[in-house]
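Visitor: Could you walk me through this one while I have it open on screen? I'd like to go sheet by sheet and then look at a few side chains.

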Amino acid sequence: MPCSTSLPKSVLLTALALVLLSGLAHPQQQDLIFERLSVEQGMPTNVTCILQDRTGYLWFGTYYGLYRHDGYGFVPHRHDVNDTSSIRDNAVTALYEDRSGVLWVGSKLGLDRY
């Protein structure tokens, strides 16, 4: 009886069938739809960082302040020398949301908790 080192036919046929059928698989989302946000709509320029918080808001850090987008418009948060509760610097360089949902805003002048 000759010694055979080849795989059984059933394994080869199964592998071939899987390879052929894998070409028929479709991605879950076929068409991506992009929405463009413009400066005219309030989109900030010079974006340095972006974060989506747990409630769905998008936060944009820029050199001109922090902007929150709610799906409809932008709300700017900028440094105000007359308001001690405003962010300390408009040049936002980092955004982070911690486990408690606190938004941390980093800039060259330090760290703010929002």
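**Hairpins, strands and rings**

Guide: Let's begin at a turn, keeping in mind that this is a predicted model. In the hairpin formed by strand 5 and strand 6, five residues lie between the strands, and Gly101 among them adopts a positive phi near 90°.

Visitor: How many bridges pair strand 5 with strand 6, and in which sense?

Guide: Strand 5, which covers residues 92-97, pairs with strand 6 in the antiparallel sense over five bridges. As a landmark for finding the pairing on screen, you can take Tyr96, whose bridge partner in strand 6 is Trp104.

Visitor: And what is on the way out of strand 6, what joins it to strand 7?

Guide: A hairpin makes that connection through two residues, and the two strands, running antiparallel, are joined by four bridges. One place to look is Ser107, which has Gly110 in strand 7 as its bridge partner.

Visitor: Is strand 6 largely enclosed or open, and why?

Guide: Strand 6 spans residues 103-107, and four of its five residues are buried, so the strand is largely enclosed by the rest of the structure.

Visitor: Switching topic, what is the strand order in the four-stranded sheet?

Guide: That one is an open sheet with the order 1-2-3-4 and antiparallel pairing. Strand 1 (47-52) and strand 4 (74-77) stand at its edges with a single partner strand each, so one side of each has no neighbour in the sheet. From one strand to the next, the twist averages 20°.

Visitor: How many bridges join strand 1 to strand 2?

Guide: Five bridges join these two antiparallel strands, and Ile50 is a handy point of reference, since it stands opposite Phe60 in strand 2.

Visitor: Now the side chains: how many aromatic pairs are there?

Guide: The count comes to two aromatic pairs. One of them is formed by Trp59 and Tyr114, which meet edge-to-face at 5.3 Å centre to centre, with 70° between the planes. Trp59 lies in strand 2 (residues 58-62), whereas Tyr114 is in the segment after strand 7 (110-113), so the pair ties together parts that are 55 residues apart in sequence.

Visitor: Buried or exposed, that Trp59?

Guide: Trp59 has a relative accessible area of 4%, and because the cut-off for buried is under 20%, it counts as buried.

Visitor: Last one, which charged end sits over the ring of Tyr57?

Guide: The charged end of Arg68 does, and it is placed 4.6 Å from the centre of the Tyr57 ring.

Methods:
Residues are numbered from 1 along each chain as its sequence is written. This is a predicted model: local features need pLDDT of at least 70, side-chain atom pairs count only at pLDDT 80 or more; totals for chains, interfaces and linings use all residues. Side-chain values use heavy atoms; hydrogens and water are left out. Rings of Phe, Tyr and Trp (its six-membered ring) pair if their centres lie within 6.5 Å; planes under 30 degrees apart count as stacked, over 60 as edge-to-face and the rest as tilted. Buried means under 20% relative accessible area, exposed over 50%, partly exposed in between (1.4 Å probe, protein chains only). A charge sits over a ring if NZ of Lys or CZ of Arg is within 6 Å of the ring centre and within 35 degrees of the ring normal. Two strands pair if DSSP finds at least two bridges between them. Axes are lines fitted to C-alpha atoms, for helices over the stretch in contact, and angles run from 0 to 180 degrees between N-to-C directions.
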